[in-house]
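Welcome to a short guided tour of a protein chain and the metal ions bound to it. Please have a look at the structure first, and then read on.

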Amino acid sequence: MVPGRGPVRALVLHGPGDLRLEERADPTPGPGEVVIAVEAALTCATDAKMLVRGAHPALPPLPAPFGHEASGTVAATGRGVAGVREGDAVVVANSAPCDRCEACRRGRAGLCESLVYLSGAYAEYLVVPAPIVARNLLPRPTGMPPEIAALTEPVACGVRAAERSAARPGDTVVVLGGGPQGQAITAALAARGCEVVMCDPHADRRDRALRMGAAAALPAPRDAPAEAAVLERTPRGRGAHAVFAAVADVEAWRQAVRLAGPGGEVNLHGGPDAAAVFSTPAAHLHYRELTLQASYHHTPGAVRAALALLGRGTLPFHELLGGRIGLPDVAAALRAGGPKRIVDPRRAGTG
Ligand SMILES: [Zn+2]
Ligand SMILES: [Zn+2]
């Protein structure tokens, strides 16, 4: 324990649906570790899944500290930590690759066989494991609010999806789904100079995509007229250079294949259930020589690119965030779904 601080409050997951606010001993960093005083953590759909299931590859054995998107200031550093000091404003990604396994050596760090994950952002103090300190603990740019910095991890997943694409400046890219991932993909590809056509059933999300840099925003192509309207926005009406399905709905995945033009690529980005199966128009896939790809998680490079995108300050990433809550409100917010909430661990709960 660091002298002068008593026990600290943290949310701990004990099992499916069993999230408890507990007082824990003030964490002391081990060798290579850093303790962050959390200023803002964010709720995430992944946490909502973890809360229901009580299990996930990124969760340590239960009972486990919970939450993985955060920014704050360095409260203490362990032996051997270089480059950060107490009081520094930082942002941390939720994992670090090993840099040694086959996936890492082949440039696919997001698929690292021994990813080390972060868990424990819903707390006054967060212990960052040594491999994450070494690879994915970054200074928070001056003037960037902590809740915007905490978006680095989810935005990095969208940036990683965009990085997988060969789309060039001027290419037409269709993005299906205007949630946080679809918006991040839109921002990253618009920044590259692509003509992004965002499709979402909700007008507010379509408007947001235009502010993120999309060239057009249309209703989701769920029927023939809506699909024709999207195709009309593509070169000679023949389909897009690239289509991103930023939703886990396999019907949208099928639509994504239908919207890809000759030689185009399709990126399946939303995380489906283990049992999900999708069917694809096979002749369309074959005679257009389409490339099917997928993207999952992020890499240290994408984390840095995401922080740079957030640091532009001109894109409306703040619109992805709902109101502030305290630790006691997190379980209810995760169950309710809706926009990401800003969790301020110093704030009392409302409920
Ligand atoms: Zn997340
Ligand atoms: Zn690895």
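The report below goes from the whole chain to its domains, its cores, its metal sites and a few backbone details.

## The chain as a whole

Please keep in mind that this is a predicted model. The chain has twelve helices and 18 strands. Its radius of gyration is 21 Å, close to the 20 Å that the globule rule gives for 351 residues, so the chain is as compact as a globular protein of that length. Along the principal axes, the C-alpha atoms fill a box of roughly 70 × 45 × 40 Å. Of the 351 residues, 54% are buried. If you look at contacts between residues at least 6 apart in sequence, 66% of them join residues at least 24 apart.

## Two domains

The domain assignment divides the chain into domain 1 (8-150 + 316-343) and domain 2 (156-294). Domain 1 is thus written as two stretches of sequence, 8-150 and 316-343. Between the C-alpha centres of the two domains there is a distance of 30 Å. Nine residues from domain 1 and eleven residues from domain 2 take part in the contact.

## The nonpolar cores

In soluble globular proteins, nonpolar side chains tend to be buried together. Here, the largest nonpolar core holds 43 residues, and the members that touch the most others are Leu151, Val155, Val173, Leu189, Phe244, Leu309 and Phe317. Several elements each supply at least two residues of this core, among them strand 3 (34-42), helix 5 (152-164), strand 11 (172-176), helix 6 (180-192) and strand 14 (240-245). Helix 11 gives the largest share, six residues. Where does this core lie with respect to the two domains? Domain 1 and domain 2 both give residues to it, so the core lies between them.

Leu189 is a good residue to zoom in on. Leaving aside residues up to four places away in sequence, Leu189 touches Ala162, Val173, Cys194, Val196 and Phe244. There is also a second, separate core of 35 residues, which includes Leu118, Tyr122, Ala331 and Val343.

## The two zinc sites

The table sets the two zinc ions side by side.

| Zinc ion | Protein donors | Distances | Spacing along the chain |
|---|---|---|---|
| ligand 1 | Cys44 (SG), His68 (NE2), Glu69 (OE) | 2.0 to 2.4 Å | C-x23-H-E |
| ligand 2 | Cys98 (SG), Cys101 (SG), Cys104 (SG), Cys112 (SG) | 2.3 to 2.4 Å | C-x2-C-x2-C-x7-C |

For the zinc ion (ligand 1), start with Cys44 and Glu69. Cys44 sits in the loop between strand 3 and helix 1, and Glu69 in the loop between strand 4 and strand 5 (70-77), so this pair ties together parts that are 25 residues apart in sequence. Are these two donors buried or exposed? Cys44 has a relative accessible area of 11% and is buried, and Glu69, with 1%, is buried as well.

The zinc ion (ligand 2) has a tetrahedral site, with angles of 102 to 116 degrees among its four donor atoms. For comparison, the ideal angle for four tetrahedral donors is 109.5 degrees. Among the donors of the zinc ion (ligand 2), Cys101 lies in the loop between strand 7 (95-96) and helix 2 (102-105), while Cys112 lies in the loop between helix 2 and strand 8 (116-117), eleven residues apart. Cys101 and Cys112 are both buried.

## Backbone details

Most residues other than glycine have a negative phi, and most peptide bonds are trans. Three places in this chain are worth a look with that in mind.

The peptide bond from Leu62 to Pro63 is cis, and its omega is near -5 degrees. You can find Pro63 in the loop between helix 1 (45-53) and strand 4 (64-65).

Asp99 is not a glycine, yet its phi is positive, at about 70 degrees. This residue belongs to the loop between strand 7 and helix 2. Asp99 is partly exposed, at 39% relative accessible area.

Arg236 also has a positive phi, near 50 degrees, without being a glycine. Look for Arg236 in the loop between helix 8 (224-232) and strand 14. With a relative accessibility of 74%, Arg236 counts as exposed.

Notes:
Residues are numbered from 1 along each chain as its sequence is written. Chains are lettered from A and ligands numbered from 1 in the order in which they are written. This is a predicted model: local features need pLDDT of at least 70, side-chain atom pairs count only at pLDDT 80 or more; totals for chains, interfaces and linings use all residues. Side-chain values use heavy atoms; hydrogens and water are left out. Donors are N, O and S atoms within 2.8 Å of the metal (3.2 Å for Na, K and Ca); water is not among the atoms, so sites may look incomplete. Four donors count as tetrahedral if all angles lie between 85 and 135 degrees; four count as square planar and six as octahedral if opposite donors are over 155 degrees apart and all others between 65 and 115; anything else is irregular. Helices (H or I, at least four residues) and strands (E, at least two) are DSSP runs, numbered from the N terminus. Buried means under 20% relative accessible area, exposed over 50%, partly exposed in between (1.4 Å probe, protein chains only). A nonpolar core is a set of buried Ala, Val, Leu, Ile, Met, Phe, Trp, Tyr and Cys residues joined through side-chain atoms within 4.5 Å. Domain bounds come from an automatic or database domain assignment. Contact means heavy atoms within 4.5 Å. The radius of gyration is taken over C-alpha atoms; the globule rule is 2.2 Å times the number of residues to the power 0.38.
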